[in-house]
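Work through these exercises with the structure open beside you. Try each task before reading its solution.

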Amino acid sequence: MGNHHSHEPQPDWAAIERAKREREEAEERQRQAEEAARHAREAAERAAREAEQQRQREREAQLAAERAAQAAREEAERMRWWREEAERAERRAREEAEARAREERARAERIAREMEEERRRQEAERLAAIAAREEEARRQRAIEEEARRARQAQEEAERQAREAAEAARRAQAEREEVERQLKKGIQPVVMPTAEEIRLAKAKVQYKDAVFHFAVAGIAGSGKSSLINALCGMNNNDPNAAPTGVNETTLEISRYVDTAHSQQFAWYDVPGSGTLTIPDWQYFNAQGLYIFDCILVLFNNRFTMTDRAILANCRRFQIPTFIVRSKSDQHIFNLMKDMGYDPDEEDTHRRGQFYKAAREQYISETRQSVKNNLAEANLPDQRVYIVSNKTLLGAVNDKGPKRMIDEVELLTDLYSEAYRSGKFS
């Protein structure tokens, strides 16, 4: 039995110590956990309090914002009310100002009307006074005019008596002159009547706004060819004046240059020396006194008819142009008379013959016209020496060679027309 007690196991102190330490560590960890839990609860509570405080601040800020917004709305409402009130006041002021302005305008217009009526009344009174004075002056002038007309009537009667006496004297002198001329065999020139002038103008379709050129001369002098050239036409043109060796014009024929149809008219007058036209009646019989300008055309010689035309044109104050046409033919005939052979091919000799013949022809023509005018007691005037072919080229701006007086004739004819005043 004694042995049994001596063999009881001994406590494991190390294990006990280890268990004790483990229990202490467990208690420490539990304490720490509890401490951490306490800290966590405190942090949570602090966070909750802070969150509540934040929510409280936010609620207060929201309330403050709502109060500010309400105040702003109320302020905006007050501003809108004041603005509307100001606009109403401005509108009332404008309407009142416009009403006052209308009243002022109406008053000003009324005053202006009254002043205008007063002015018109005064003007009427002034005009009435002027009219009365003018009427008195008119009556006085009428009396003076009546006295002046009476004096003029007396003077006119005296003048007519003097003119009648002078006309009787002139008639007696003219009768004596006619008798003297008849004794010498000179035929008288009869002045046409107004009716004869009217009929002559109607016959040739005379128009006041057109300048009328007549080409006159003896039969066969080349009047038709000259007119064709002046109108820019060849002799074979459908509208050209007929030409021929014999007299082809028995009535005055009218031609127009299509480029100047509203300005110029050309007339081919029957040549003198035909069976139906005695020389001494040529001017009046053809009614040449109605033309604005007359071209006296001659060929080989200057005749008594040409002199009669020029003399009568001076009597009727009609401008005249003396023209010799067919100059190229005449110069060529002179060249042959000088010994020129048309078959000769030497152009230099041909030029020499042409120059000499041209100079002789121009000199002889001018001297012949000068002598004839002097013999007829007519003033000297220029003779225009032309070739119809060259004249046609000048009219159509072809720049023809060997011109003599073609350009000068055209220039002077048209200048005479424009000086007449018909185209102003």
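**Exercise 1.** This is a predicted model. Which strands does helix 4 lie across, and at about what angle does helix 4 run to strand 3?

Solution. Step one: find helix 4 at residues 223–230. Step two: list the strands that helix 4 lies across. They are strand 1, strand 2, strand 3 (264–268), strand 4 and strand 5 (320–324). Step three: give the angle. Helix 4 runs at about 165° to strand 3.

**Exercise 2.** State the strand order of the open sheet and name its edge strands.

Solution. Step one: the six strands of this open sheet follow the order 2-3-1-4-5-6. Their pairing is mixed. Step two: look for strands that pair on one side only. These are strand 2 (253–255) and strand 6 (383–385), the edge strands. Step three: add the twist, which averages 25° from one strand to the next.

**Exercise 3.** In what sense do strand 1 and strand 4 pair, and which residue is the bridge partner of Ala214?

Solution. Step one: strand 1 covers residues 211–217, and strand 4 covers residues 293–298. Step two: they pair in the parallel sense, over five bridges. Step three: Ala214 has Ile294 in strand 4 as its bridge partner.

**Exercise 4.** Describe helix 10 and explain where its buried residues lie.

Solution. Step one: helix 10 (residues 406–419) has 14 residues. From first C-alpha to last it reaches 20 Å, close to the 20 Å expected at 1.5 Å a residue. Step two: its buried residues are Glu406, Leu409, Leu410, Leu413, Tyr414, Glu416 and Ala417. Step three: these residues lie on the same side of helix 10 because they cover an arc of only 155° around the axis. Step four: look just after helix 10, where Gly421 takes a positive phi of about 85°.

Conventions:
Residues are numbered from 1 along each chain as its sequence is written. This is a predicted model: local features need pLDDT of at least 70, side-chain atom pairs count only at pLDDT 80 or more; totals for chains, interfaces and linings use all residues. Side-chain values use heavy atoms; hydrogens and water are left out. Two strands pair if DSSP finds at least two bridges between them. Helices (H or I, at least four residues) and strands (E, at least two) are DSSP runs, numbered from the N terminus. Axes are lines fitted to C-alpha atoms, for helices over the stretch in contact, and angles run from 0 to 180 degrees between N-to-C directions. Contact means heavy atoms within 4.5 Å. The expected span of a helix is 1.5 Å times one less than its number of residues. Buried means under 20% relative accessible area, exposed over 50%, partly exposed in between (1.4 Å probe, protein chains only). The arc is that of the directions from the helix axis to the C-beta atoms.
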